[in-house]
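Here's a quick tour of a protein model, written for someone who likes to know where the empty space is before setting anything up. Have the coordinates open as you read.

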Amino acid sequence: MTLSRRTFTTSALGATALGIGLGPVGTGAGVRAAAATTTPRPGLRSVTPRGLRIGSAANWKPNQRTCETDQQYRDLLGREFNSVTPENQMKFRVLQPEPGRFDFSGADALVKFATDWGQTVRGHTLLWHSNPAWVSEADLTPDRARAILRDHITTVCQRYRGRILHWDVANEVMRGIHEQGGVGLRTDDNPFLRACADDPVGLIADAFRWAHAADPAAKLYLNDFDVTGFNAKSDAYVPLIRELQKRNAPIHGFGIQAHERNDQGVPADVQQNLERFADLGLEVSITEADIRVWKVPAGGPTPEQVRQHTEGYRRLVQAAVNVKACTSFTTWGFTDKYSWLPADGGFDAPAIMDANYQPKPAYRELERILPTVTRARSVRR
Ligand code: XIL
């Protein structure tokens, strides 16, 4: 195989970085040095100036420990990104599958991985509607719900105290316009909010307080999908945030997941939307970016699909770069090899690298736009 200057191949990695032991190192400088001597591609983290983190969700399912079993994956995750989000390892159902029985093995391994590579960690997530059966199927009283959540948050945040830069404290607490019941807090399918339906905002405020008490340095976020542009759901977050602030909840950030589609495109007002949350005094992040492609032909995406996919990422990363309060841009997995999308769902190929780890044009857009962050970010404020 011929190696062009811009191609990053399995053999390049296997024969150099991994083969001669230049794998994970503890400092950013070390990572840059390793990258410089072993590969022509600098890696996204190297072109991203301070102040903005470039991240990926880490695929590391309990039964599919990708970072251990796939060395090429592991090396790219470490080399390309300076922030990682556990895709599943820090979810309630993984950390506390039974009452009082915590399993930190996957989360610990990921935090160690991040430390070895000089990466920060985005904790994900503490209060969510997807929970183990012992939580979701119980008929919880308000006191019991609060006790379970308080104990869980305190235990988890204390364990990783000082190791988590951002915590997605409350994930997807708002229903969307197309969901049953319409826009509003998930007092139906979130068992904690359901039990505390008399004052769900009070419970959310307490979740932030408990997390802050256990890990005072972590930046604490609300995070949701379908809030990329101005719409009824993102609009509803504005009064919620104001109310949380009025109640002195330690809320620091708003995360836009940005799971987008090639056929609908990324909302053109994503930058203005980030700015309106910044104007509430929050930092903001793009936390789960991906652009799913509808009906990819067997031979690969059509030129039009590639254009739409690339344009979607361009718009998202340009917005992140342009908004000074934006502290991180995270993709929900960097390779199609471990796509989280259902295989038969019609949508596919969401990531910035294909299943063979080849960078797509969307990767090149990130590589091109991220270095412009310093110049652009000074413009706004
Ligand atoms: C997804 C994971 O990617 C899957 O592996 C898992 O089976 C279900 O959860 N929004 C979120 C993430 O906040 O936690 C979800 O992650 C994707 C949508």
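## Cavities, a pocket and some odd backbone

Lining the largest cavity are Ala-57, Asn-59, Tyr-73, Glu-87, Trp-332, Gly-333, Phe-334, Thr-335, Tyr-338 and Trp-340. Keep in mind that this is a predicted model. By class, that lining splits into six nonpolar residues, three polar ones and one charged one. The space inside the largest cavity comes to about 50 Å³.

How many cavities of 30 Å³ or more are there? The count is two. The second largest holds about 30 Å³, and its walls are made by Asp-290, Trp-332, Gly-333, Thr-335, Tyr-338, Ser-339, Pro-350 and Ala-351. Trp-332, Gly-333, Thr-335 and Tyr-338 turn up in both linings. In the second one, four residues are nonpolar, three are polar and one is charged.

Then there's the open space. The largest pocket has a volume of about 750 Å³. Its lining takes in 30 residues, and those nearest the centre are Phe-225, Asp-226, Lys-233, His-259 and Glu-260. Helix H12 (232-246), strand S9 and strand S10 (283-294) each put at least two residues into that lining. Which of the elements gives the most? That's S9, with three residues. By class, the pocket lining has eight nonpolar, 12 polar and 10 charged residues.

Here are the three spaces side by side:

| Space | Volume | Lining by class |
|---|---|---|
| Largest pocket | about 750 Å³ | eight nonpolar, 12 polar, 10 charged |
| Largest cavity | about 50 Å³ | six nonpolar, three polar, one charged |
| Second largest cavity | about 30 Å³ | four nonpolar, three polar, one charged |

**The overall picture.** Stepping back, the protein has 16 helices and 12 strands. Of its 381 residues, 56% count as buried. Take the contacts with a separation of 6 or more: 77% of them are between residues 24 or more positions apart.

Val-84 makes a handy local example. This residue is found in strand S2 (residues 83-86) and counts as buried because its relative accessibility is 0%. Its C-alpha is 5.2 Å from that of Gly-55, although the two are 29 residues apart along the chain. Setting aside neighbours within four places in sequence, Val-84 is in contact with Ser-56, Leu-77, Leu-110, Ala-114, Gln-119, Thr-120, Val-121 and Arg-122.

**One helix up close.** H14 runs over residues 303-322, which makes 20 residues. From its first C-alpha to its last it reaches 28 Å, close to the 28 Å expected at 1.5 Å a residue. Its buried residues are Gln-305, His-309, Thr-310, Gly-312, Tyr-313, Leu-316, Val-317, Ala-319, Ala-320, Val-321 and Asn-322.

**Backbone worth a second look.** If you're checking torsions, start with the peptide bond from His-124 to Thr-125: it's cis, with omega near 5°. Thr-125 belongs to strand S3 (residues 120-127).

Next come two positive phi values in residues that aren't glycine. Ala-258 has phi near 65° and sits in the loop between strand S8 (253-256) and strand S9 (259-261). Is Ala-258 buried or exposed? It counts as buried, because its relative accessibility is 0%, under the 20% cut-off.

Tyr-357 is the other case, with a positive phi of about 65°. This tyrosine is in the loop between strand S12 (347-348) and helix H15 (361-369). Tyr-357 has a relative accessibility of 2%, so it counts as buried too.

**Cysteines.** How many disulfides does a search of the whole structure find? Zero. As a reminder, a disulfide is a covalent bond between the sulfur atoms of two cysteines. Cys-196 is buried, with a relative accessible area of 7%. Cys-326 is buried as well, and its relative accessible area is 0%.

Key: Residues numbered from 1 in each chain as written. Predicted model: local features only at pLDDT ≥ 70, side-chain atom pairs only at ≥ 80, totals over all residues. Heavy atoms only, no water. Helix = DSSP H or I, 4+ residues; strand = E, 2+ residues; numbered from the N terminus. Expected span 1.5 Å × (residues − 1). Buried < 20%, exposed > 50% of the residue type's maximum accessible area, 1.4 Å probe, protein only. 1 Å grid on protein atoms, 1.4 Å probe; cavity = no way out; pocket = protein on both sides within 12 Å on 5 of 7 lines; lining within 4 Å. Points joined across faces, edges and corners; volume = space filled by probe spheres on them. Nonpolar A, V, L, I, M, F, W, Y, C, P; charged D, E, K, R; others polar. Disulfide = S-S within 2.5 Å. Contact = heavy atoms within 4.5 Å.
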